[in-house]
Amino acid sequence: MSNTLLAIGAYDGRYANKTNELCLLASQYAFTRNRIIIAATHFIKLIKVLGHESKVNLDLWEQTLIKPFENDIFNHIDALYNITDSSGYRMVSRCIEIEKKTNHDVAAIIELLKEQYDEHKIGPKEFKGYIHLGLTSQDLNTSANMMIMKDFREIWHLYQSKMVNSLRLLNDDYTDNYMLGFTH
């Protein structure tokens, strides 16, 4: 955010230059991305359980809806500002456009998946109705939030390791120095 006075907190305000990587983890982008992945994965599993995998091109479905997001947080962390060039980002943007018409976030995800199903000719029309079958909005939302927490934990461990290693180096450099222990 360019105006730190309008930030939600210190992390996206005055510390934004130190925490920019985290915006990929806890953003609207991350939440929507995770719900798309969950819904797309659910469709794959449902088609397999129903024994229709020979009638639907699940490899193309996975290539279209899951692969664009694979490891985007960890592989694109150095290219954070270029994430808008990715196909995953464009898909999430399309979903947000659809949501403006539907006025419902999960309905927008379903509509996006149906668009992708038709556009890439994934399978017969009758299987398009299975896209959200047996999956509630809360299933998507709760699972997406858990994915955000998992990703955040992994990134936090990376930061923690860097910090501990930096402290070890400082300890090695200054181990023979004495310092008075005044608090003020």
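Lys128 sits in the loop between α6 and α7, where helices are DSSP runs of H or I with at least four residues, strands are runs of E with at least two, and both are numbered from the N terminus. The side chain of Lys128 makes a polar contact of 2.7 Å with the side chain of Asp118; a polar contact is a pair of N or O atoms within 3.5 Å, and within protein one atom must be able to donate a hydrogen and the other to accept it, with residues adjacent in sequence counting only if both atoms are side-chain atoms. Asp118 and Lys128 also form a salt bridge, with 2.7 Å between the closest N and O atoms. Asp118 belongs to helix α6 and Lys128 to the loop between α6 and α7, so the pair ties together parts that are 10 residues apart in sequence. A salt bridge here is a side-chain nitrogen of Lys or Arg within 4 Å of a carboxyl oxygen of Asp or Glu. Leaving aside residues up to four places away in sequence, Lys128 touches Lys114, Tyr117 and Asp118, contact meaning heavy atoms within 4.5 Å. With a relative accessible area of 30%, Asp118 is partly exposed; buried means under 20%, exposed over 50%, and partly exposed in between, using a 1.4 Å probe and protein chains only.

The model is predicted, so local features need pLDDT of at least 70 and side-chain atom pairs count only at pLDDT 80 or more, while totals for chains, interfaces and linings use all residues. Residues are numbered from 1 along each chain as its sequence is written, and side-chain values use heavy atoms, with hydrogens and water left out.

Turning to the whole chain, seven helices and zero strands are found, and the pattern along the sequence reads α-α-α-α-α-α-α. Of the 184 residues in the chain, 33% are buried. Among contacts with a separation of 6 or more, 67% join residues that are 24 or more positions apart. About 12200 Å² of the chain is exposed, and carbon and sulfur atoms supply 56% of that area. These accessible areas come from the Shrake-Rupley method with a 1.4 Å probe; for residues, only the protein chains shown count as cover.

Helix α3 (residues 58-65) gives a clear view of how burial is arranged. Its buried residues are Leu58, Trp61, Thr64 and Leu65. They cover an arc of only 125 degrees around the axis, which puts them on the same side of α3; the arc is that of the directions from the helix axis to the C-beta atoms. An α-helix has 3.6 residues a turn, so residues three or four places apart point the same way. The partners of the buried residues of α3 are α2 (28-49), α5 (87-102) and α6 (105-119).

A long-range link also involves the loop between α1 (16-19) and α2, which holds Leu22. Leu22 and Phe152 are 130 residues apart in sequence, and their C-alpha atoms are 7.6 Å apart in space. Not counting residues up to four places away in sequence, Leu22 touches Phe152, Ile155 and Tyr159.

Side chains of opposite charge can pair when their charged atoms come close. Across the whole structure, seven salt bridges are found. One of them joins the side chains of Arg35 and Asp105, at 2.7 Å from N to O. Arg35 is in helix α2 and Asp105 in helix α6, so this pair ties together parts that are 70 residues apart in sequence. Arg35 counts as buried at 1% relative accessibility, whereas Asp105 is partly exposed at 24%. Another salt bridge brings together the side chains of Glu154 and Lys150 (2.8 Å, N to O). These two residues are four apart in helix α7 and are separated by about one helical turn. Arg94, Glu97 and Glu115 are linked in a network of salt bridges.

At the surface, Met163, Leu167, Leu170 and Tyr174 make a nonpolar patch of about 430 Å². Patches consist of residues with over 30% relative accessible area and no salt bridge, joined within 9 Å for like charges and within 5 Å for nonpolar side chains (Val, Leu, Ile, Met, Phe, Trp, Tyr). Leu167 lies in helix α7 (residues 137-174) and counts as exposed at 52% relative accessibility.
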